[in-house]
Amino acid sequence: MGKFIFKRLGQMLFTLYIVVTATFFLMHAIPGGPFTREKPLPPAVIAALEAKFNLDAPLHIQYIDYIKGVFSFDFGPSFQKVGVDVIDLVKVGLPVSAKVGGTAVLVVLIIGIPLGIISALKQNKWEDYIVTVLATLGVTIPSFVIATMIIYIFSGKLGILPSFGLTSWKHYIGPVIALSGFSLAFVSKLTRSSMLEVLQQDYIRTARAKGLSEFVVIGKHALKNGLLPVVTYVGPMVAGILTGSFVIEKIFAIPGMGKYFVESVGNRDYTVIMGVTIFYAGFYIIMVFLVDIIYVLIDPRIKLHD
């Protein structure tokens, strides 16, 4: 286990280094700059700003400085928000995104997995048909369409849900539904197909032939193997939801990481764009690593070595 963890940590750092490098050079390859405006600033002002933020240094010097900063959690200052560092924006936005995203993840797991199990156990019955139809709708309808429908119907027409902000429990309903819609549907479909495959295995027939109760057969023998594909998907899903859906946060005016990312793209705030992208990539890599560990806990037959 120790050797596996050490090896994966090295791979994670190398992957993160590739992401940081690609993000840095892609941002500097984009035409224009962080101080490009519709009404151009005087050249002297631009030169002064570039000197202040060390943008007049050779590219390789900027790259080395940025690499040093990233691995010490210093992503530099925002070019558009005076006196604010990128890490400060992450500290402010992450808790907000985590509250909404964490609630959405719980909804996905608490509702999606049982729906998939019920659908598998009731294959080709009305319960299965209802879950299949709902899952298909959830997978095919984009989250921003769901968000727009919620605002139009429940906020605009019925007036029972707030359309923006995050100050009461009612404010969570719309964003959580929009955020969890696709993942909930996908998890239920994944659980159903995996459980159907597991239920056809010989060891399940053997367990039933021994007279074990259906609860024990499903809960002890089928569920552990049936959830392996779900675990594979849940890791990256948690990373994606917890770090904030950029579009959903923008639609509901939630001051999370998505809001800062969208604003930074519009303002060409390079350091914020790179900082949020690197943070997202790092969180994603960590979740994939945790998934590998959970694999072994669920199924000891999986070995932690090549």
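Select Ala-98 to begin: at 30% relative accessibility, this residue counts as partly exposed, where buried means under 20% relative accessible area, exposed means over 50%, and partly exposed lies in between, with a 1.4 Å probe and protein chains only. Ala-98 belongs to helix α4; helices (H or I, at least four residues) and strands (E, at least two) are DSSP runs, numbered from the N terminus. The model is predicted: local features need pLDDT of at least 70, side-chain atom pairs count only at pLDDT 80 or more, and totals for chains, interfaces and linings use all residues. Residues are numbered from 1 along each chain as its sequence is written, and side-chain values use heavy atoms, with hydrogens and water left out.

Keep Ala-98 selected and add Gly-256, 158 residues apart from Ala-98 along the chain; their C-alpha atoms are separated by 8.4 Å. Contact means heavy atoms within 4.5 Å. With neighbours within four places in sequence left aside, Ala-98 is in contact with Thr-103 and Leu-242.

**The α4 and α10 pair**

Next, display α4 (residues 86–121) with α10 (residues 228–242). The axes of α4 and α10 come within 8 Å and cross at roughly 150 degrees; axes are lines fitted to C-alpha atoms, for helices over the stretch in contact, and angles run from 0 to 180 degrees between N-to-C directions. This makes α4 roughly antiparallel to α10, because angles over 145 degrees count as roughly antiparallel, under 35 as roughly parallel, 65 to 115 as roughly perpendicular and the rest as oblique. The crossing of α4 and α10 is right-handed, the term for a near helix turned clockwise from the far one by less than a right angle, with anticlockwise giving left-handed.

Show the side chains at this interface. On the α4 side, the residues include Leu-94, Ala-98, Val-105 and Ile-113, and they meet a set in α10 that includes Val-230, Met-237 and Leu-242. By class, the contact of α4 with α10 has 13 nonpolar, 3 polar and no charged residues; Ala, Val, Leu, Ile, Met, Phe, Trp, Tyr, Cys and Pro count as nonpolar, Asp, Glu, Lys and Arg as charged, and the others, Gly among them, as polar.

**From α10 back to α9**

Add α9 (214–226) to the view. The axes of α9 and α10 are 5 Å apart, and the two helices pack at an angle of about 45 degrees. They are therefore oblique to each other. Lys-224, Asn-225 and Gly-226 of α9 make the contact with Leu-228, Pro-229 and Val-230 of α10. Its composition is 3 nonpolar, 2 polar and 1 charged residues.

**The nonpolar cores**

Which residues touch the most other members of the largest nonpolar core? Select Val-100, Val-187, Ala-222, Met-237 and Val-238, which do so in a core of 41 residues. A nonpolar core is a set of buried Ala, Val, Leu, Ile, Met, Phe, Trp, Tyr and Cys residues joined through side-chain atoms within 4.5 Å. At least two core residues come from each of α4, α6 (143–157), α7 (169–199), α8 (202–209), α9 and α10. Helix α7 supplies the largest share, 10 residues.

Centre the view on Val-238. Not counting residues up to four places away in sequence, Val-238 touches Val-105, Phe-283 and Met-287. Another core, of 27 residues, lies apart from the largest one; among its members are Leu-16, Ile-67, Ile-273 and Ile-278.

**Two buried hydroxyl residues**

Move to Ser-188 in helix α7. At 3% relative accessibility, Ser-188 counts as buried. Beyond four places in sequence, Ser-188 touches Gly-112, Leu-115, Gly-116 and Ala-135.

Then select Thr-21 in helix α1 (residues 2–29). Thr-21 is buried, with a relative accessible area of 17%. Tyr-63 and Ile-67 are in contact with Thr-21, its neighbours within four places in sequence being left aside.

**Two loop residues**

Most residues other than glycine have a negative phi. Select Asn-124, in the loop between α4 and α5 (126–140): its phi is near 65 degrees, a positive value. Ala-253 lies in the loop between α11 (246–251) and α12 (257–267), and its phi, near 55 degrees, is also positive. At 42% relative accessibility, Ala-253 counts as partly exposed.

**The whole chain**

Finally, zoom out. The protein chain has 13 helices and 0 strands. Its C-alpha trace spans about 85 × 60 × 30 Å along the principal axes. Of the 306 residues, 41% count as buried.
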